[in-house]
Structure formats: C-alpha cells, structure tokens
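Reader: Hello! I would like a close look at one part of this model, followed by a walk outwards into the rest. Please take your time and keep the pieces connected.

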Amino acid sequence: MTFEDAYESYFKCIYTYVYSMVGTRDETDDMVQDTFVKLYNHLSSHSPLENTRTWLYRVASNTCINYLRRQKIFQKILVLNTPEEQHKHRNPIEENHIKEQEQKLVREALEKLPARERAILMLYRDKFSYSDIAAILNIKATSVGKILSRAREKLAGEIRKGGQK
Amino acid sequence: MKCLGKEILTHYYDRELTQKDIDRVDAHLKKCPACSQMLQDIQKEITLTDTKLLLLKPHNIPDTPFTPIPARSAKAKTRPGKSWPELAKSAIRVPIPAFALLVLLVCLMAVGLFMQERKISRLQSPILAAKRQTTLYLISENRIQSLSLDAELEGFEPIKKPKIFVQKGGNK
C-alpha cells in the first residue's frame, strides 16, 4: 500500500482515535501528522507493511500514551471544556446542552483511567479484535480480555458516579 | 457443569472463543439462569461504555489537515543504496594510488622515527653500555688466548695481555 492510499483510507479513523484519546484539536492535529510522517519515512526506507492499519494504530497509540503520561491529562479536561475551545468547534449537535454535559461526563470518567486502559477501550470501540489490540499495544493477547473488562468496569463505575453528582 | 466466570462470558460476548467453546457456553446458558443474567449484565455494561465512548468522536474531521509530502527525487532515492567503497570514494575525492602512496610514506617515516628513537635510548642506557663493554672484553680475552696458543705452537713467545684488560678484570 502506498502512502497516498494509506492516507486516504486511514486518516479519518486515526484522527477519530487520537481525538477520542486526547480530546483537544491542536494536539490531535500534531499527533496525527506525526503518525503519518512516521509512516512516510517508514515506507521510503523499509519494506512495505503487512498490515498498515495496525501499524498506524500502534504508532498513534504510542504517541497518545506517551503524551497522556507526560501531560497528566487531568489538566487537559479543563482546557477542553473552556468556553473558548467549545466555541471554536461549535456545530449544531454540540449546541445541545444535554449532549455536552454527557460528553463532559464521559471525558472526565475516561481521564481517571490509565492511558493504556483508555487505549484498549478506544480500540475495542473501533472494532479491533483482541489479537489486533495485543499487537497494537504490544501486550499479551491473553491479557487483553482482563484489562478490557477492568477498564470497562472502571469506566462504567465512574460514569455512574458522575451521573449521580 | 460449573458456572462460567465473567471472563469467559466477556470473551463469549466479544466472540473471542473458539467454536467448540461457544457451543459449550451456549449449552450451559440454556440450563443456567445465573450465568444468563451475568451475560445480560455484561452486555449492558459493554453497551453503556461503547455508547458513551462514541460520544467522544469528533464531529467534524478536517479533510486535509496537512498537505501530502512531495515524492522524493530519483537522486535522493538512489543515495542510500550506494555501497561503502563508492561512498568513501566520492567522499575522499583524491586519486586512490596517490592516497595509498601518501599513507605508505607516512608509515615509513613513523617506523624510521621509532627505530631512531629506540637506537638512541639503547645507546644511552647505562646497563646496555656496561653489557656491551663486558662483551667486548670477553671477545678480546678469547682472541688473545687463541693468539697465544698459535704463537706457542709456532715456537714464539706468548703474547702478554695488554694492561687495559688486566685492569678491567679487577685486582689481577
């Protein structure tokens, strides 16, 4: 697969994945760009990839996890929910107050999870199998189910907790 | 049959079991209301988290956030493929025989200097000087003895030792 084909096919799903993980537009733009630059460099210096999608998700995951660990994303929630940030990307759906509140609630619940658990949840949401998730995050395939269940439990608990407030 | 754990049921829901295991779980679920209930709970939890996580998707994805990088030129593409002697050749830019001659000359000069240095140090060493003198002395002694024997055989008087050698021997 050429770089142009990969870009056409996977840009949107990588962008969605990174945005869901990070939650801010500027960081997402940078990380997605980094990911595709890495793909370009890889394709021009190495042999073609067997599974470009998995490779891209792996690079994007590593970039996001490193970023989240570095930045301590708790502070980023505040940035995401400032009126300025919301105003910048306003569209008719986001103007719905209930949906905004719900998004905020989920984001806050997600922030409480470790970066790797967050990545697993996102990859599961994007319909990856356990073996693909294991390959992307470089973990054992047998651990994926356990980590996923734990992450789901935590997230559901946090959402419920947040909903009760 | 023992009740199924949450892990197996989650794997079952996620379709991560083999067909054989799926059949077993199906058979168990028909008989066990507790496991069926647990599966329903798992299903609810997964649906809840997945639906909530879908909310985090961006509403508008930019079409081209950055312009695609232009393709590399043919020259740039062939560059990493060069073998190291070719790269060395292009980097040096001096004819190879001239370069080899220069290296040889430098090596010879270095060896010459080293030998000269070694010679000087040998001459200056007091131990070596003493050794050399003793060797000369012993050679002279042998020479005198052989000459004396020749003289005796031919009927001449034996040669006397020169004073210098007598003195060198000590109190003789």
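Author: Happy to! Let us start with one pair of side chains: B:Arg24 and B:Asp21 form a salt bridge, with N and O 3.9 Å apart. This is a predicted model, and the distances here are computed from it. The two residues share helix 2 (residues 19-31) of chain B, where they sit three residues apart, about one turn of the helix. In general, an α-helix has 3.6 residues a turn, so residues three or four places apart point the same way.

How covered are the two partners? B:Arg24 counts as partly exposed because its relative accessibility is 47%, between the limits of 20% and 50%. B:Asp21 is partly exposed as well, because its value of 27% falls between those limits too.

Now let us widen the view to the chain around this pair. Chain B has eight helices and zero strands. Of its 172 residues, 19% are buried. The accessible surface of chain B is about 14,100 Å², with carbon and sulfur atoms supplying 63% of it. Among its contacts with a separation of 6 or more, 52% are between residues 24 or more positions apart.

Chain A makes a useful companion. In chain A, nine helices are found, again with zero strands. Buried residues account for 50% of its 165 residues, and its accessible surface is about 8,400 Å², of which 49% belongs to carbon and sulfur atoms. For contacts in chain A with a separation of 6 or more, the share from residues 24 or more positions apart is 66%.

Where do the two chains meet? The contact involves 41 residues of chain A and 31 residues of chain B. Together they bury about 3,400 Å², and carbon and sulfur atoms give 65% of that area. On the chain A side, A:Arg125, A:Tyr130 and A:Arg152 supply 16% of the area buried against chain B, more than any other three residues. A:Arg152 also pairs across the chains, in a salt bridge with B:Asp14 (3.4 Å, N to O). Three salt bridges are found across this interface, while the structure holds eleven over all chains.

A:Arg125 leads us to helix 7 (residues 115-125) of chain A, where ten of the eleven residues are buried. Besides A:Arg125, the buried residues include A:Glu117, A:Arg118, A:Ala119, A:Ile120 and A:Leu123. Just after this helix, A:Lys127 takes a positive phi of about 65 degrees.

Helix 7 has charged pairs of its own, and they make a nice contrast to our starting pair. A:Arg118 forms a salt bridge with A:Glu111 (3.4 Å, N to O), and both of these residues are buried. A:Glu117 forms a salt bridge with A:Lys154, the closest N and O atoms being 3.1 Å apart. This second pair links distant parts of the chain, as A:Lys154 lies in helix 9 (residues 141-164) of chain A, 37 residues from A:Glu117. A:Glu117 counts as buried because its relative accessibility is 6%, under the 20% limit. A:Lys154 is partly exposed, because its 36% lies between 20% and 50%. Elsewhere in chain A, A:Lys112, A:Glu158 and A:Lys161 are joined in a network of salt bridges.

The nonpolar side of helix 7 is worth a look too. A:Leu137 touches A:Ala119, A:Ile120 and A:Leu123, among other residues beyond four places away in sequence. In the largest nonpolar core, with its 65 residues, A:Leu137 belongs to the group that touches the most other members, along with A:Ile14, A:Tyr17, A:Val18, A:Met21 and A:Phe36. Helix 1 (residues 3-22) of chain A gives the most to this core, with eleven residues.

Finally, a word on confidence in chain A. Its mean pLDDT is 80, and 83% of its residues reach 70 or more. Among the elements of chain A, helix 8 (residues 130-137) has the highest mean, 90, and helix 5 (residues 83-88) the lowest, 46. Over residues 83-87 the pLDDT is below 50, and this stretch has seven contacts in the model beyond near neighbours in sequence.

How values were computed: Residues numbered from 1 in each chain as written. Chains lettered and ligands numbered in written order. Heavy atoms only, no water. Helix = DSSP H or I, 4+ residues; strand = E, 2+ residues; numbered from the N terminus. Buried < 20%, exposed > 50% of the residue type's maximum accessible area, 1.4 Å probe, protein only. Contact = heavy atoms within 4.5 Å. Areas by Shrake-Rupley, 256 points an atom, 1.4 Å probe, with all protein chains shown as cover. Core = buried A, V, L, I, M, F, W, Y, C linked by side-chain atoms within 4.5 Å. pLDDT = per-residue confidence, 0-100. Salt bridge = Lys/Arg side-chain N within 4 Å of Asp/Glu carboxyl O. Buried area = accessible area lost by both parts, 1.4 Å probe.
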